[in-house]
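Me: I'm new to this structure and would like to learn how to read it. Can you walk me through it step by step?

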Amino acid sequence: MPSRHLDQWAGWAAPPSRAGWAPPGPPGRLAGGLGWAPPGRPGAWRAWAVALALLVGVFGPAGTAAMVRDAKKAVARARQAAQADLAPRRPSGAGGRVCPVRAAFRLTPGGAFGACRDRCTRRHKGLDLFTHQGAPLVAVTDGRIVNASPSDRGLGGISLTLQAADGTRFYYAHNQRNLVGRGARVRRGQPIAAVGRTGNARTTPAHLHFELRPPGHGPVDPAPQVRRWCR
Ligand SMILES: [Zn+2]
């Protein structure tokens with residue numbers, strides 16, 4: 001995700017209540033949620049003044065003003081992007097759920113719900129979301145981990161089941177590792193595992209096998225929900 005890069009932008013860009021623009025330099029500190037703190041090195045401001053004087057000398061006042069304007073625009077764009085990225089993912093769909101994979105992923109016909117498995121002796125009960133090994137998996141909703149397999153065994157390998165307050169269950173399989181254990185209470189968007197190739201995915205590219213079980217039902221196709229939550 002680009003958030004780390006954008007966080008750096010957000011870190012040293014001053015909020016609108018200040019000058020509106022801060023020089024590139026040591027990142028400002030985010031002071032305990034109270035807002036922005038200036039760069040820790042007092043010399044940074046003097047160094048910037050010297051650099052500005054040099055720019056004016058080389059490019060003239062008009063050229064320097066244009067450069068400063070462009071830089072301010074770039075910072076404003078970066079700040080907007082950073083804020084959009086840091087904002088909570090828009091809750092959409094019933095129950096305000098979020099995408100289980102926090103990375104770009106792709107779906108394939110072979111990974112669709114109901115696809116043949118083992119020469120059609122059984123059907124695929126979930127949806128496969130192919131992405132990179134180690135990609136963060138997050139809780140799609142607030143709930144409790146009602147089942148967790150921390151060891152690589154069976155078809156699902158390292159896996160876990162999240163249950164929402166309404167009884168809906170979400171199964172995450174083939175994980176590289178679990179970050180929470182059985183009984184844990186989790187919040188929507190909380191990282192709970194990482195994408196892997198455990199279980200019978202050891203011969204396939206890394207992916208999340210994701211199942212959706214409404215209360216009192218067997219698995220249903222989660223594709224409509226995943227498409228909505230992962231827009
Ligand atoms: Zn699968």
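Reply: Sure, let's begin with confidence: pLDDT is the predictor's confidence in each residue, from 0 to 100. This is a predicted model, where local features need pLDDT of at least 70, side-chain atom pairs count only at pLDDT 80 or more, and totals for chains, interfaces and linings use all residues. Residues are numbered from 1 along each chain as its sequence is written.

Me: What is the mean pLDDT of the protein, and where does pLDDT stay under 50?

Reply: The mean is 78, with 65% of the residues reaching 70 or more. Contacts come in here too: two residues are in contact if their C-beta atoms, placed from the backbone, lie within 7 Å. Residues 1–40 stay under 50 in pLDDT, and the model has 55 contacts beyond four places in sequence for them. Residues 81–94 also stay under 50, with 19 such contacts.

Me: How many helices and strands are there in the protein?

Reply: Helices (H or I, at least four residues) and strands (E, at least two) are DSSP runs, numbered from the N terminus. The protein has three helices and 13 strands. As for contacts between residues at least 6 apart in sequence, 56% of them join residues at least 24 apart.

Me: Which strands form the open sheet of six?

Reply: Two strands pair if DSSP finds at least two bridges between them. Here the order is 5-13-9-8-7-11, with antiparallel pairing. Strand 5 (127–130) and strand 11 are at the edges, and each has a single partner strand, so one side of each is left without a neighbour in the sheet.

Me: How many bridges join strand 7 to strand 8?

Reply: Five, and strand 8 covers residues 159–163. In that pair, asparagine 147 sits opposite threonine 161 of strand 8. Strand 7 (residues 143–149) also pairs with strand 11 (residues 185–186), antiparallel, over two bridges. There, glycine 143 is opposite valine 186. Strand 8 in turn pairs with strand 9 in the antiparallel sense over four bridges, and glutamine 163 faces arginine 169 in strand 9.

Me: What about the sheet of three strands, and in what order do they come?

Reply: That open sheet runs 6-12-10, again with antiparallel pairing. Strand 6 (136–138) and strand 10 are its edges, each having a single partner strand, so one side of each lacks a neighbour in the sheet. Its neighbouring strands are turned by 35° against each other on average, direction ignored; the axes behind such angles are lines fitted to C-alpha atoms, for helices over the stretch in contact, and angles run from 0 to 180 degrees between N-to-C directions. Three bridges link strand 10 with strand 12 (residues 191–195), and asparagine 178 stands opposite alanine 193 in strand 12.

Me: Is histidine 174 buried or exposed?

Reply: A residue is buried if 20 or more other C-beta atoms lie within 10 Å of its own, exposed if 12 or fewer, and partly exposed in between, with C-beta atoms placed from the backbone. Histidine 174 counts as buried because it has 26 C-beta neighbours inside 10 Å. This histidine lies in the loop between strand 9 (169–173) and strand 10 (175–178), and its phi is positive, about 70°, although it is not a glycine.

Me: And why does cysteine 120 count as exposed?

Reply: Cysteine 120 counts as exposed because it has 8 C-beta neighbours inside 10 Å. You'll find it in the loop between strand 3 (116–117) and strand 4 (122–123). Its phi is near 65°, a positive value in a residue other than glycine. Across the protein, buried residues make up 26% of the 231 residues.
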